[in-house]
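Visitor: I have some time at the bench today. Could we go through this structure together?
Guide: Certainly; please bring it up, and we shall begin.

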Amino acid sequence: MDERILQYRQAVLAMKDGRSDVYIPLEPEDEIALLGKALLELNRAIEKRFAELRTLVRVTEKINAGLVLDDVLDHVYDWFHSILPYDRIGFSLLEDEGATVCARWARSAASEAMIHAGYRAPLKGSSLEQIIATGQPRILNDLEAYLREHPNSESTRLIVQEGMRSSLTCPLIAAGKPVGFIFFSSMTPNTYQNVHIELFQEIAGLLAMIVEKGRLYQQLVELNDLKNKFLGIAAHDLRNPIAVIKSNAALLLGGYLGPLSDRHRKVLETINRTCQTMLALIDDLLDISAIESGRLELHCRKTDLAEFLRECYENNRVLGQSKDIELHLVIEPNLPPVHIDPNRIAQVINNLITNAFKFSHPHTAVTLRARACNGEVEISVADQGQGIPQEELPKMFQHFSRTSVRPTAGEKSTGLGLAIVKRMVEAHGGRVWVESCVGLGSTFFFTLPAASMTDEKNLDF
C-alpha cells in the first residue's frame, strides 16, 4: 500500500478532530497526489467555514447582549473583512409603511462617503422594489455599466462617484416582512461574480433580527410610557375627590355638623378607612408612575442617621399597639452620616415597619436596627411573624406581587410598597434584600452609602 494513503487517513482524522495543521504529501504527481490536493482544498474550505461560523457567533452574541444597531454594524464591518469581500457596507430601512428607503448607517474605505445616514428615496419604481418582491439578493458586477443603462438612478451615481464598481444587495426580512436592505460594495468590478451569497444572507438575517428586536423594544418603551402617563393622570384625578370625601367624613365624625348615632358613626368610620386605603394606593401609583417615567426627584442632604432613625421609631411605635406588637430600636455606635432625602427614606422605613406589623401575630416584637458596614450603613427591619416561603422570595420586590402569606388581622395591601422601597433605595445608591424562615419571621435589609462616598446634591432618576 502507498504510504501516502496512511498519511491521508491520519490527516482526515486530524481534520475530524478540528485540527487544521495537517500534513498532506503531494509528491510524486499521480492520481493519489490528486486525492491529496482535493483533501487540502477540503481542509481550506472547512477552515474558512469555521472562521465564518465563529464570526457569525460573535455577531449573534453582540445582538443577544443588547448592543444597539450601530454597534453591531460596526462589528460586522470590522470582523468580516477576512472572509467577505467589500470596501463599503450600507444599511437602509423601509419607512412610511414601506414606501420610502432611508439610509440608516454606512461605512466606507473611500476617502469620502457619498450616501450618508438620512438619505431617502422612494421604493416604488426603483430596482430595490424587485428585490423586495422576490426576497432574493441582487448582484451588480459592473456598476458603471449599470449606471449607463439606468442614468436616472441617483443612488448608483453616488456609489460610483464614491469609487465602488460592484455590489451585492440583500433584503432584510423580519417575521416574514421586509424591513430594509444591507448593501455590500467593492471598488473592484466582478467582485461578487463567483461568490457564494449564503453568508451574506446569514448576516442579513442576523441584522433583520436586531431591527425587529429594536422595533419591538421601542414599542414596549412607548407602551410603558403611555401606561405611566395614564397611571399618573388617573391617580392624580382620583386623589382630589377621594380627599374631599375623607375630609367631609372627618367633619361629620368630629361632630361639627351635629351629633351622630352609633349607626351613623360606624358607617362614617368605614368611609374614612376606605378613603384612607384608596389614598394610600393612589400615592403608591403616583410614586411608581414618577419613578418609571424619570420624574421623581430626590432632595438629598447630609443627615445624622441615628437621630433620623429615632424619629422614625417614635413615629411608628404606636402603630403596633392595636396588636400588642412592640417596636424596638437598636442603633450600633459610630454610625456615619449619610446623604439622603429624609422624606423618601422615611417612606422606605415606614413601609417596612408597617409591613412587619401587618404580617406579624399579636404579642410579638419588631426590631429596627442599624449598623455601619464596609463604607455603608445597613438598616434592617426584623419581625417574629409568619415568614415567607423560600420559593416566593424572588418576587418580593416586584410590582403587585403577592405571596401566600396573609396579614394577620385582615389589613389591606396594594402590592406596590416593596417595589417602591427597592427603587427608592437603589436611587440612593443602596441595595435591598430579604431573609426569611417560615414560622420564625422575616428580616428586610437595605443599605445606604456613607456620606463620604457621595456628593451632596439633588438626584433625579
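Visitor: Which residues form the aromatic cluster?
Guide: One aromatic cluster is formed by Tyr-77, Tyr-86, Phe-184, Tyr-192 and Phe-200. Please bear in mind that this is a predicted model.

Visitor: How many aromatic pairs does the structure hold?
Guide: The structure holds seven. One of them joins Phe-184 and Phe-200 in an edge-to-face arrangement, with 4.8 Å centre to centre and 80 degrees between the planes.

Visitor: Where do Phe-184 and Phe-200 lie?
Guide: Phe-184 belongs to strand 6 (residues 177-186) and Phe-200 to helix 7 (residues 198-253), so their pairing ties together parts that are 16 residues apart in sequence.

Visitor: And are Phe-184 and Phe-200 buried or exposed?
Guide: Both Phe-184 and Phe-200 are buried.

Visitor: Let us stay with strand 6. What is the strand order in its sheet?
Guide: The order is 3-2-1-6-5-4, in an open sheet of six strands with antiparallel pairing. From one strand to the next, the twist averages 25 degrees.

Visitor: Which strands stand at the edges?
Guide: Strand 3 (120-122) and strand 4 (138-140) do. Each has a single partner strand, so one side of each is left without a neighbour in the sheet.

Visitor: How many bridges join strand 1 to strand 6?
Guide: Six bridges join strand 6 to strand 1 (residues 88-95), and the two run antiparallel. Within strand 6, Ser-185 is the residue opposite Arg-88.

Visitor: What does helix 4 lie across?
Guide: Helix 4 (residues 127-134) lies across strand 1, strand 2 (100-108), strand 4, strand 5 (166-174) and strand 6. Relative to strand 6, helix 4 runs at about 125 degrees.

Visitor: Changing topic: which strands pair with strand 12?
Guide: Strand 11 (residues 365-373) pairs with strand 12 in the antiparallel sense over eight bridges. Strand 14 (residues 441-449) also pairs with strand 12 in the antiparallel sense, over seven bridges.

Visitor: Which residues are partners there?
Guide: Val-366 has Asp-383 in strand 12 as its bridge partner. Val-377 stands opposite Leu-448 in strand 14.

Visitor: How many residues of strand 12 are buried?
Guide: Strand 12 (residues 376-383) is mostly covered, with seven of its eight residues buried.

Visitor: What about the hairpin of strand 11 and strand 12?
Guide: There are two residues between the strands of that hairpin, and Asn-374 takes a positive phi near 55 degrees.

Visitor: Now the helices. At what angle do helix 10 and helix 11 cross?
Guide: The axes of helix 10 (residues 342-358) and helix 11 (residues 417-427) cross at roughly 145 degrees and come within 10 Å. The crossing is left-handed.

Visitor: Which residues make that contact?
Guide: Helix 10 contributes Arg-344, Gln-347, Val-348, Asn-351, Leu-352 and Asn-355. Helix 11 contributes Gly-417, Leu-418, Ile-420, Val-421, Met-424 and Val-425. By class, the contact has seven nonpolar, four polar and one charged residues.

Visitor: One last residue, Asn-316. Why does it count as buried?
Guide: Asn-316 counts as buried because its relative accessible area is 2%, and buried means under 20%. Asn-316 is found in helix 9 (residues 305-316).

Visitor: What does Asn-316 touch?
Guide: Leaving aside residues up to four places away in sequence, Asn-316 touches Leu-327, Asn-350, Ile-353, Thr-354 and Phe-357.

Methods: Residues are numbered from 1 along each chain as its sequence is written. This is a predicted model: local features need pLDDT of at least 70, side-chain atom pairs count only at pLDDT 80 or more; totals for chains, interfaces and linings use all residues. Side-chain values use heavy atoms; hydrogens and water are left out. Buried means under 20% relative accessible area, exposed over 50%, partly exposed in between (1.4 Å probe, protein chains only). Helices (H or I, at least four residues) and strands (E, at least two) are DSSP runs, numbered from the N terminus. Two strands pair if DSSP finds at least two bridges between them. Contact means heavy atoms within 4.5 Å. Axes are lines fitted to C-alpha atoms, for helices over the stretch in contact, and angles run from 0 to 180 degrees between N-to-C directions. A crossing is left-handed if the near helix is turned anticlockwise from the far one by less than a right angle, and right-handed if clockwise. Ala, Val, Leu, Ile, Met, Phe, Trp, Tyr, Cys and Pro count as nonpolar, Asp, Glu, Lys and Arg as charged, and the others, Gly among them, as polar. Rings of Phe, Tyr and Trp (its six-membered ring) pair if their centres lie within 6.5 Å; planes under 30 degrees apart count as stacked, over 60 as edge-to-face and the rest as tilted.
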